[in-house]
Amino acid sequence: MSPTCKAWGVGILIYMTQRGALFFQLPNVMAQQFGTNSWVMIPVFYILSLLHIIVMYYGMRRHGFQSIPQLISERLPAYAAVPLLSFIGIQFIGIVYTVIHSYTLVFQYTNDTSVNIHTLSIIILGTALYCAWLGPYTMAKSSIVFLFLTFWSIGLELLQFNDFQFTRLTPFFFYQAHPTAAGISEIMSSFFGFELLMMLAPLLDKKTKWFRTVLLFNGIAAAYYLMYCLLVQGMLPIHQSSTILYPVLRLYGGSRLTALENITDLLFIFMMFSAVISASLYIWSASQAVMHIRHQAPKAPVFVLLCVLCSIPLLASITVEQFGKISEFVAYGDWILILILISLYWILPVHADQQSAAKREDTSIQESA
């Protein structure tokens with residue numbers, strides 16, 4: 001069994017999972033869905049994610065921090081457990097595909113159209129599989145290193161406020177807004193990643209404040225998104241911010257600061273770290289779901305199976321429009337999965353030993369407060 005993960009490692013791991021390639025496109029989606037001054041909706045989505053995390057945490061504590069695969073395999077009959085665990089595995093494989101393909105698309109779009117997207121995808125997948133094989137403890141340590149390698153770039157990004165103009169925000173709110181279920185799901189998916197805590201539950205060190213750390217880094221991710229939405233809408237008119245596919249990259253290219261003009265390539269190298277961490281954590285979580293289908297199936301065959309299942313879609317040739325439809329479907333599935341899994345923590349009855357464990361946890365929290 002992997003060593004327990006400390007609070008800061010867990011918080012940073014979830015943060016690196018959340019901050020994927022979507023943030024390059026997020027201001028564009030926000031402008032399309034909510035029109036002018038759409039940045040004010042970022043706190044709304046943040047609060048929604050915050051409520052999900054809080055309800056999830058108390059549900060996990062209610063069952064003594066059992067992982068969701070453990071809970072499903074032990075408490076549900078096989079005819080219900082097997083399809084649900086299969087759904088978890090398939091959904092996480094779908095997320096791995098969207099994470100890796102999104103990054104490679106952005107890389108190809110901005111750097112070199114001759115880049116073989118399939119080769120790059122397989123390289124990232126191979127690295128993610130290796131990290132997933134090593135386990136969450138190693139992934140958490142790696143995410144801390146990657147964060148220190150990338151966090152400094154936020155300081156340079158703040159310099160772009162030199163070109164910020166409040167007049168571009170306009171006094172109108174939600175003008176030319178066209179909200180859709182697909183767009184809202186895509187925006188909400190940028191805050192997802194916290195659902196993996198339900199897979200990591202037994203490995204979380206209960207002596208640390210991992211819950212508060214996760215809330216802290218969820219807030220940092222929201223502030224990061226808010227900063228970029230403000231920048232884009234304060235530097236580009238609404239008809240550009242809603243039509244340019246990657247408006248964040250437009251900011252770098254149009255900046256008067258030479259350092260920012262030349263940082264794009266370096267930024268993509270650093271963003272690969274987030275793609276690898278995110279994909280590896282979802283692969284590991286999918287492996288846990290598959291292993292519980294077969295009652296702790298051997299690790300090696302499960303990872304070979306996941307490697308094959310992840311490689312097939314990555315090697316398929318699809319258009320950007322087709323990928324958009326797939327991403328939309330995966331975002332819907334992720335939201336449905338999160339609601340189902342959180343509900344299970346509250347619907348399934350608690351065993352007596354888990355009730356006593358929850359009471360001990362309450363006592364330790366009160367003593368440390």
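Start by selecting Phe45, Leu48, Ser49 and His52 in helix α3, then add Ile184, Ile187 and Met188 in helix α9: these two groups meet, contact meaning heavy atoms within 4.5 Å. By class, this patch has 5 nonpolar, 2 polar and no charged residues. Before moving on, know that this is a predicted model, where local features need pLDDT of at least 70 and side-chain atom pairs count only at pLDDT 80 or more, while totals for chains, interfaces and linings use all residues. Residues are numbered from 1 along each chain as its sequence is written, and side-chain values use heavy atoms, leaving out hydrogens and water.

Now show all of α3 (residues 42–62) and α9 (residues 181–189). Helices here are DSSP runs (H or I, at least four residues), numbered from the N terminus. The pair packs at an angle of about 65°, axes 10 Å apart; axes are lines fitted to C-alpha atoms over the stretch in contact, with angles from 0 to 180 degrees between N-to-C directions.

Next, pick Ile68, Ile72, Ile88 and Trp210. In the largest nonpolar core, with its 101 residues, these touch the most other members. Such a core joins buried Ala, Val, Leu, Ile, Met, Phe, Trp, Tyr and Cys residues through side-chain atoms within 4.5 Å, buried being under 20% relative accessible area (1.4 Å probe, protein chains only). Helix α15 (residues 264–293) supplies the largest share, 15 residues.

Zoom in on Ile68: leaving aside residues up to four places away in sequence, its partners are Ile88, Met198, Met199, Leu341, Leu344 and Tyr345. Leu341, Leu344 and Tyr345 are also among the buried residues of α17, so color that helix last.

Methods
Buried < 20%, exposed > 50% of the residue type's maximum accessible area, 1.4 Å probe, protein only. Nonpolar A, V, L, I, M, F, W, Y, C, P; charged D, E, K, R; others polar.
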